[in-house]
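Dear colleague,

I am handing over the structure we spoke about, placed just below this paragraph. My notes on it follow, and I would be glad if you read them with the model open beside you.

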Amino acid sequence: MASGNIVKLNIGGTFFQTTKSTLTRFDGMLKVMMETEIPVEKDESGCIFIDRSPKHFDGILNFMRDGQVTLPDSEKEILEIQQEAHFYQLDGLMELCKRYLLNVCIFEITIINFRKLEHSAEKKIPPNHNIRIIKTDEELLEIITYPKKSVLVIHLPAYHDGTITYPDGFDVNTLSIKYRSILDIYYKPYKINNNLSPKEPFFVIYQTRCIHARPQRQMAGTVTFMQAVENEIARRLK
């Protein structure tokens, strides 16, 4: 049914009203129906009848009006919209759904790889009874807020493949044996995920009455990471 520029549609038993200019904006089945003499099926009231689900036809019309549409969060519903776009031969809407689903897929793959990195980083830390690992920032906060004795935290970079490399000359056992009576020693991996992330190990000593501490990074020159750690421990013991 059409009155001037107004067109009434019956989509699977649900009625919609729009304009001829909207239905002919993009190439596709609806434009062909409006601009050619091909026979179209009509209901008893004269409305153009299309035997499709009306569930996503609002979105179809919104796309044809504006050239864009807000897609739902549900991947299942986006696939349904993509199928309807295919039926109505709306290439632009099909491409929009395709790009959105591709971004969802990339995001899910990224999350999976991130979780693999977490597990890989944990597995590649050498098994040793002297290593106490802090896995989260929450665990770190609990440990350093009210420590019974000073806490030394060694931060180690975890690379994209999950490997963790200790500094040259760094000896976990020696550090533990020499200082375990005065320090609680922990290790915390951190992931390198952008160009701003530090890419070298660093350490922080948290004292019993002060949770504010500045990261102590390896000094330039001939001082090794192990020497820097021991120098800072000696300085604090004075």
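**What was found**

T36 is a convenient place to begin: this residue is found in the loop that runs between α2 (29–35) and β4 (48–50). Please keep in mind throughout that the model is a predicted one. With a relative accessibility of 33%, T36 counts as partly exposed, and a polar atom of its side chain lies 2.5 Å from the backbone oxygen of V32.

**The chain as a whole**

The chain has eight helices and eight strands, and of its 238 residues 36% count as buried. Among the contacts between residues at least 6 apart in sequence, 65% join residues that are at least 24 apart. The chain exposes about 15000 Å², of which carbon and sulfur atoms supply 52%.

**Helix α7 and its cover**

Which residues of α7 are buried? In this helix, which spans residues 172–179, they are V172, L175, S176 and Y179. These residues cover an arc of only 100° around the axis, and they are therefore on the same side of α7. As a general point, an α-helix has 3.6 residues a turn, so residues three or four places apart point the same way. The elements that cover the buried residues of α7 include β5 (151–158), β6 (184–191) and α8 (225–237). At the start of α7, a side-chain oxygen of D171 reaches to within 3.0 Å of the backbone nitrogen of N173.

Within α8, one of the covering elements, you will find E232. With a relative accessible area of 8%, E232 is buried, and its side chain makes a polar contact of 2.7 Å with the side chain of R235.

**Aromatic rings and the charges over them**

The structure holds eight aromatic pairs. One of them is formed by F26 and F63, which are stacked, with 5.2 Å centre to centre and 25° between the planes. Because F26 lies in the loop between α1 (20–23) and α2, while F63 lies in helix α3 (residues 57–66), this pair ties together parts that are 37 residues apart in sequence. The two partners differ in burial class: F26, at 25% relative accessibility, counts as partly exposed, whereas F63, at 5%, counts as buried.

F57 and Y88 form an aromatic pair that is tilted, with 5.5 Å centre to centre and 55° between the planes. Here F57 lies in helix α3 and Y88 in the loop between α4 (75–87) and α5 (91–123), so the pair ties together parts that are 31 residues apart in sequence. Both F57 and Y88 are buried, and together with F16 and F87 they form one aromatic cluster.

Charged side chains also lie over rings in two places that I would ask you to look at. R52 lies over the face of F87, a member of that cluster, at 4.1 Å from the ring centre. Elsewhere, the charged end of R132 sits over the ring of Y186, 4.5 Å from its centre.

**Three loop residues**

I131 is found in the loop between α5 and α6 (137–145), and at 13% relative accessibility this residue counts as buried. The C-alpha atoms of I131 and Y187 are separated by 6.8 Å, although these residues are 56 apart along the chain.

S150 lies in the loop between α6 and β5. Is S150 buried or exposed? The relative accessible area of S150 is 19%, and the residue is classed as buried because the cut-off for that class is under 20%. Leaving aside residues up to four places away in sequence, S150 touches I182, L183, D184, Y206, Q207 and T208.

Q89 lies in the loop between α4 and α5, which is also where Y88 of the tilted pair is found. Most residues other than glycine have a negative phi, but Q89, although not a glycine, has a positive phi of about 60°. With a relative accessible area of 45%, Q89 is partly exposed.

With best regards

Conventions
Residues are numbered from 1 along each chain as its sequence is written. This is a predicted model: local features need pLDDT of at least 70, side-chain atom pairs count only at pLDDT 80 or more; totals for chains, interfaces and linings use all residues. Side-chain values use heavy atoms; hydrogens and water are left out. Helices (H or I, at least four residues) and strands (E, at least two) are DSSP runs, numbered from the N terminus. Buried means under 20% relative accessible area, exposed over 50%, partly exposed in between (1.4 Å probe, protein chains only). Contact means heavy atoms within 4.5 Å. Accessible areas come from the Shrake-Rupley method with a 1.4 Å probe; for residues, only the protein chains shown count as cover. A polar contact is a pair of N or O atoms within 3.5 Å; within protein, one must be able to donate a hydrogen and the other to accept it, and residues adjacent in sequence count only if both atoms are side-chain atoms. The arc is that of the directions from the helix axis to the C-beta atoms. Rings of Phe, Tyr and Trp (its six-membered ring) pair if their centres lie within 6.5 Å; planes under 30 degrees apart count as stacked, over 60 as edge-to-face and the rest as tilted. A charge sits over a ring if NZ of Lys or CZ of Arg is within 6 Å of the ring centre and within 35 degrees of the ring normal.
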